[in-house]
Amino acid sequence: MRIFYLLTILGTLNGCATIQPQENNTQAVFTALTETNKPEPTIEPSSTKPPANNFKLPEEPPLLPPITNLWQVIVNQLSFDVVPTSRLHKRIDWYLAQPTYLAQVNKRAAPYLYHIVKRVEQRGLPMELVLLPFVESDFRPTAVSQQKAVGVWQLVEATAYHFGAISDPWYDGRKDVLSATDAALDYLSYLYKRFNGNWLHAIAAYNTGEGRVKKAIDRNRVKGVSTHFWHLKLPKETSEYVPKLLALSYLLQKKHPKFTRPHLPNYALTTALDVGQQFDFGVLSSLVNVPKQTIHQLNPGFLRHQSSPQGPHKVLLPMTEKKLLQSQFFKRHFSQTYTVKKGDTLYSIAKRFNTKVKTITLLNNKTSPLLHIGEVLSLNKVTQSNSLLIDYEISPYLIEKKQTKPVTIEYFHQIKPGDSLWEVSQLYKVSVKDLMIWNEISAHSMLKPGNTLILHLPKPQLVSEPVNTKQYLSELEVLVKPESGPRP
C-alpha cells in the first residue's frame with residue numbers, strides 16, 4: 001500500500017513539471033476571439049511549444065476624404081425611382097435648356113440649404129424633399145402665388161397655421177424659411193401617412209390638395225387601372241410638378257455635361273441667434289456689426305423694424321456657429337458664467353441650462369470633455385434688457401396704426417358625404433383649429449352628412465362705384481386750363 005501511494009505522488013509531480021506557463025489575460029482573450037469558428041489545431045502530446053497563430057488582422061479600409069460639397073451630400077441620399085416617361089423627358093429638356101438655372105437659384109438657397117438638409121436627415125425623410133423649394137418657388141422667400149401661397153415652400157395660410165407657422169401683423173412664418181420648413185415637412189409627413197406610404201401621391205397632394213389626389217386614385221380603382229402617379233388624371237400643373245422634381249433629381253445624379261451641379265460648403269453659413277425678447281433690428285445690427293439690410297434679407301419673416309412682442313425672437317446671422325459663440329458681443333450680451341461643482345458633467349450642465357454640449361464646448365473653446373471643480377464656464381442665456389428696443393412712439397410721425405379686428409358674420413356649412421375638417425378649412429380658408437373651437441368638437445369627431453358646421457367669416461366689404469377717371473380728369477382740366485378767349 002505504501003508503494004502505491006509513493007507511485008501516485010511521483011506521477012502527480014511528474015505531470016506538474018510538464019504544464020506550460022499560462023499566457024497573460026489579454027493575449028488569451030485575443031486568441032479566443034480570433035480563433036472563433038476555426039478548426040482546433042492538432043497538438044502533439046509531447047510538444048512543449050504553443051500552437052502557431054497564423055491569424056492576420058483584416059486590413060482597415062482606407063479613410064474616405066470628408067465630403068466638402070453639400071450638394072454631394074444631397075445627391076448621395078437621393079432614393080426615388082425615376083421612371084422614363086415623356087413628361088419626365090420634357091422636364092429634363094427644360095433644365096438642359098436653362099444650364100445656369102440651378103446655379104442661380106443655389107445663391108438664394110445658400111443661407112438656408114444646410115439647415116434644411118439637416119432637418120430632413122433628422123426626420124429620416126427622403127432627400128428629394130430638399131428639392132421641393134426649388135420646384136415650388138425657385139427658392140424665393142417672399143414669393144406669392146395667385147392662390148396666395150407664400151414663401152419658398154408655397155404654404156397657404158390655413159396649412160401654415162395648422163402646422164405651426166404662425167402669422168400676425170409683425171411676422172409671417174411662411175416667409176421665415178426655417179419655420180416654413182418645419183411646417184412643410186410636418187405637412188408632407190402627414191400626407192405620406194394619408195396616402196399609405198406613397199411619396200409621389202403625397203408630393204402631388206402637397207401641390208394640388210389631398211382631395212383631388214384621393215378622387216383621382218378612387219376613379220382609377222373603380223376602372224380597375226393602375227393608381228400609380230403616372231396613371232392619375234390630375235390638373236396640368238400637378239402632372240408637371242412631380243416630373244419637374246424627379247427630373248432635377250435625375251440630372252443631379254447623372255452628371256449630364258450640359259447640367260452643372262452647384263457647390264456649397266458642407267457646413268452652415270448662417271447661425272440662429274435667440275435674442276430672447278423683443279428687439280429692434282437697428283439695435284441688433286449695431287450690436288452684432290452686421291448691416292441691418294443683411295439681417296432683414298436673411299429673415300424675411302419679420303415684417304417690421306422690430307420683432308413681435310409675442311415672438312419669435314430668433315434671427316439668422318451670416319456667420320458660423322463657432323464664430324458667433326466665440327464673438328465678444330455674444331459673450332458680453334448673450335452669455336452667463338457658471339462654476340463647475342462636484343459631480344458636474346457637460347451633459348448634466350447642458351440639460352440643466354437647456355442648451356447643447358456642442359454649444360458649451362464651442363463657447364468655451366474646449367477640446368476635451370473633462371471638467372475641473374471650480375472651473376468657470378460661459379453658458380448662453382436668454383437676454384432681458386430694454387437696451388434692445390427703441391421707443392418709436394416718441395415721434396408722432398412714426399406711430400403705427402393699430403390693426404382693427406375684422407368684422408365677421410356667422411355662416412353655416414352643410415356637411416356632405418366625404419367631408420373632413422381639413423377639406424372644409426381649405427374651402428373657406430380658415431384653420432382646422434378655429435373650426436374645432438367654433439363647433440366645440442375635436443380633431444377625431446365624426447362629421448355626419450346633413451349636419452351643419454358654424455363658421456365665422458370676414459364680412460364682405462361694400463365696394464363703391466369706380467370713379468370715372470376720364471371724366472374726373474376732364475373736369476380737372478377745365479378748372480386749371482386758362483381761358484384763351486371768349487366761349488361760343
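**Helix 12 and its packing partners**

Helix 10 (residues 199-208) packs on helix 12 (residues 236-254) at about 125°, with the axes 9 Å apart. Axes here are lines fitted to C-alpha atoms over the stretch in contact, and angles run from 0 to 180 degrees between N-to-C directions. This is a predicted model, where local features need pLDDT of at least 70, side-chain atom pairs count only at pLDDT 80 or more, and totals for chains, interfaces and linings use all residues. Residues are numbered from 1 along each chain as its sequence is written, and side-chain values use heavy atoms, leaving out hydrogens and water.

**Helix 10 on helix 12**
- The pair is oblique (not under 35 degrees, over 145, or 65 to 115).
- Helix 10 brings Leu200, Ile203, Ala204, Tyr206, Asn207 and Thr208 to the contact (heavy atoms within 4.5 Å).
- Helix 12 answers with Glu237, Thr238, Tyr241, Val242, Leu245 and Leu246.

**Helix 4 on helix 12**
- Helix 4 (residues 86-97) crosses helix 12 at roughly 60°, and their axes come within 8 Å.
- That pair is oblique as well.
- On the helix 4 side, the residues are Arg87, Leu88, Lys90, Arg91, Ile92, Tyr95 and Leu96.
- Their partners in helix 12 include Ser239, Glu240, Pro243 and Lys244.

**Helix 9**
- Helix 9 (residues 177-194) spans 25 Å from first C-alpha to last over 18 residues, close to the 26 Å expected (1.5 Å times one less than the number of residues).
- Among its buried residues (under 20% relative accessible area, 1.4 Å probe, protein chains only) are Val177, Leu178, Tyr187 and Leu191.
- Asn196 follows helix 9 and has a positive phi, near 55°.

Technical notes. Helix = DSSP H or I, 4+ residues; strand = E, 2+ residues; numbered from the N terminus. Buried < 20%, exposed > 50% of the residue type's maximum accessible area, 1.4 Å probe, protein only.
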